[in-house]
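Visitor: I would like to learn how to read a protein model feature by feature, beginning with the interior and then moving to the surface. Could you take me through one?

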Amino acid sequence: SSPLIFDGLRELNSKRVSAWKSDSHDIWRNEGIWDLDENNQPRLLRPKHFALNKLGKTVNFMNDFMVPFFEKFTEGIRSVHSDAIIFCEPYIDPNKPVHGNAPTSMKGKRLAWAPHYYDALTLLLKKARPWVALDIGTEGIAVGVAAAQNAITENLAHVNHTSTTLGGNP
């Protein structure tokens, strides 16, 4: 079966083996996101927990989660190396692999915006095919050597553009 074609559902972890050492280590249960009902079946208590931020607004993953992580990480590193340059890498959304610009709150703090690029078709097919590429700008497929090379050039130019948004420094 192809990794890109839906071909059914499969039950995973049918024996319900927990990833946590004990129930007291389950952070999502401790946060009240889920619990067991009277029949000992899992029950979702806060279905929008990951969709809304602390203010009840739709989550902006970068601003609500990544920037606070970058700030805490930077604080920890700088506590032992005050001049360190911190490389911050954005997350990859496989549904829309276009990187946004670096958050403006990071500007001028000896931080380097370090997005990266993977040619998704090469990863999926495990072999480079110079005649086809995904174009992240159009979210389409470029067919033909010239079109594929142009798409990859544009994809890399986009990554380069987003990496120079911290005051012109990559």
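Guide: The turns below go through a core, a hairpin, a helix residue and a surface patch in this predicted model.

Visitor: Which residues make up the largest nonpolar core?

Guide: As a general idea, nonpolar side chains in soluble globular proteins tend to be buried together. Here the largest nonpolar core has 11 residues, namely Met 62, Met 66, Val 67, Phe 70, Ala 84, Ile 86, Cys 88, Ala 102, Met 106, Leu 111 and Trp 113. At least two residues of this core come from each of helix 2 (61–78), strand 3 (86–88) and strand 4 (111–113), and helix 2 gives the largest share, with four residues.

Visitor: What does Cys 88 touch, if residues up to four places away in sequence are not counted?

Guide: With those left out, Cys 88 touches Phe 70, Met 106, Leu 111, Ala 112, Trp 113 and Ala 114.

Visitor: In which sense do strand 5 and strand 6 pair?

Guide: Strand 5 (residues 132–135) and strand 6 (residues 140–143) are paired in the antiparallel sense, over four bridges, and as one point of orientation you can find Val 132 standing opposite Val 143 of strand 6. The two strands form a hairpin that leaves four residues between them, and in its turn Glu 139 has a positive phi of about 60°.

Visitor: Why does Asn 155 count as buried or exposed?

Guide: The reasoning rests on a cut-off, since a residue is called buried when its relative accessible area is under 20%. Asn 155 has 0% relative accessibility and therefore counts as buried. This residue is found in helix 4 (residues 145–163), and its contacts, apart from residues up to four places away in sequence, are Tyr 117, Leu 134, Asp 135, Ile 136 and Gly 137.

Visitor: Where on the surface should I look for nonpolar residues, and which residues make a patch there?

Guide: Look at Trp 20, Ile 27, Trp 28 and Phe 50, which make a nonpolar surface patch of about 390 Å². Within this group, Ile 27 lies in helix 1 (residues 27–30) and counts as partly exposed because its relative accessibility is 40%.

Visitor: And is Asp 26 buried or exposed?

Guide: Asp 26, placed in the segment before helix 1, counts as buried because its relative accessibility is 6%. Setting aside neighbours within four places in sequence, you will find Asp 26 in contact with Trp 20 and Trp 34, and Trp 20 is also one of the residues that make the nonpolar surface patch.

Key. Residues numbered from 1 in each chain as written. Predicted model: local features only at pLDDT ≥ 70, side-chain atom pairs only at ≥ 80, totals over all residues. Heavy atoms only, no water. Buried < 20%, exposed > 50% of the residue type's maximum accessible area, 1.4 Å probe, protein only. Contact = heavy atoms within 4.5 Å. Pairing = 2+ DSSP bridges. Patch = residues over 30% accessible without salt bridge, like charges linked within 9 Å, V, L, I, M, F, W, Y side chains within 5 Å. Areas by Shrake-Rupley, 256 points an atom, 1.4 Å probe, with all protein chains shown as cover. Salt bridge = Lys/Arg side-chain N within 4 Å of Asp/Glu carboxyl O. Core = buried A, V, L, I, M, F, W, Y, C linked by side-chain atoms within 4.5 Å.
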